[in-house]
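Visitor: Could we take a close look at just one part of this model? I'm new to this, so please explain the terms as you go.

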Amino acid sequence: MPTLSRRGGRLGAPGPRGVAVVARGLAARGPRGTVLSGVDLDLPAGGLGVVHGPGGSGRSVLLLALGGRFRLVAGELRVGDHDAADGLGALRELSAVARIRPGIEPEEGMRVRDVVRQHGLASGGAVGDDDVALARELVGVDAPAGAVLGDLPPVESLLLVVALAVAEHRPLILVDDIDDGLVPAERERAWDALDAVASSGVTVVASALETPVGIDHVPVALRHPGERRRSTRPAGEDHPTGGGRARPGEDTPACPASAGPSDPGVSPAGGPRGGYPAPDTPAPPDDRPADDEATA
């Protein structure tokens, strides 16, 4: 039976039951030092969590960590009935990655039909044409099969990978950079689509520069490591480095992030689900994991 989104929009068939995500004091390190610290999150099953903050604040790392794809150095994380301390494999099985930048998204030169076909092959036959069709209807994307992904409006390519993640029937979906390159009307459409997915029963965690307006969500605010250092250093003391970056190995002081109401293999995008980014991927910015930081 169709359900209604929080805005009253029409949805497709209900999805799987989502999972609650509870995090306390999460911390992670990259090659340049701490990229996350003191992150808390209370997201109910079927909720929409929005990780927001500037570039370099650790948004992508947090998404990977919630999906069991980035090793934490501190904190407690529980997804559904599974505790991260007991192993990350279960967390990977529970989550579907729509995209994480850079490294986990389809190549722009691929045609829509090839992206969908590759997704089906990667699932080992678990995702069929009917699954994809229902998921595309749910998020409202109708990109022509022969269209080249890079020729589509950015919101269409975003919603396509979200639909493919929905088609996996996993209880948690992770998607990065929701508002990247979108005009206001497209951002509203993207958030409405994620709201529809959450309303269908799936738990969604998305990252963005800013939080959506008029959509029920749980925000998680992150700050750039440079801002964390400036807020904790004594008055008058010079900043240790330029450009807001820590020296290699430098430990960034802890900074709480606010949160409140308001399997290894091939990803749907065709890239590896663990060990991000791929070996031929350029060196990532501060909030992206290096090869030796992400888990397999």
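Which strands does α6 lie across, and at about what angle does α6 run to β8?

Guide: Happy to help! This is a predicted model, in which local features need pLDDT of at least 70 and side-chain atom pairs count only at pLDDT 80 or more, while totals for chains, interfaces and linings use all residues. Residues are numbered from 1 along each chain as its sequence is written, and side-chain values use heavy atoms, with hydrogens and water left out.

Helix α6 lies across β3, β7 and β8, and runs at about 160° to β8. Such angles go from 0 to 180 degrees between N-to-C directions, using lines fitted to C-alpha atoms, for helices over the stretch in contact. Helices (H or I, at least four residues) and strands (E, at least two) are DSSP runs, numbered from the N terminus. Another helix, α1 (residues 59–66), lies across β3, β7, β8 and β9, also at about 160° to β8.

Now for the sheet itself. Five strands form an open sheet in the order β6-β7-β8-β3-β9, with parallel pairing; two strands pair if DSSP finds at least two bridges between them. Because β6 and β9 (218–221) are at the edges with a single partner strand each, one side of each has no neighbour in the sheet. From one strand to the next, the twist averages 20°. Between β3 and β8 there are five bridges in the parallel sense, and G49 has V205 in β8 as its bridge partner.

What does L194 touch? Apart from neighbours within four places in sequence, L194 is in contact (heavy atoms within 4.5 Å) with L48, V162, V175, I178, V204 and A206.

L194 is also part of the largest nonpolar core, which has 45 residues; V162, I178, W191, L194 and V197 touch the most other members. A nonpolar core is a set of buried Ala, Val, Leu, Ile, Met, Phe, Trp, Tyr and Cys residues joined through side-chain atoms within 4.5 Å. Buried means under 20% relative accessible area, with over 50% exposed and anything in between partly exposed (1.4 Å probe, protein chains only). The elements giving two or more residues to this core include β3 (48–52), β7 (172–175), α6 (184–199) and β8 (203–208), while α5 gives the largest share, 10 residues.

One caution: over residues 231–293, pLDDT, the predictor's confidence in each residue from 0 to 100, stays under 50. Where pLDDT is low, the predicted coordinates should not be read in detail.
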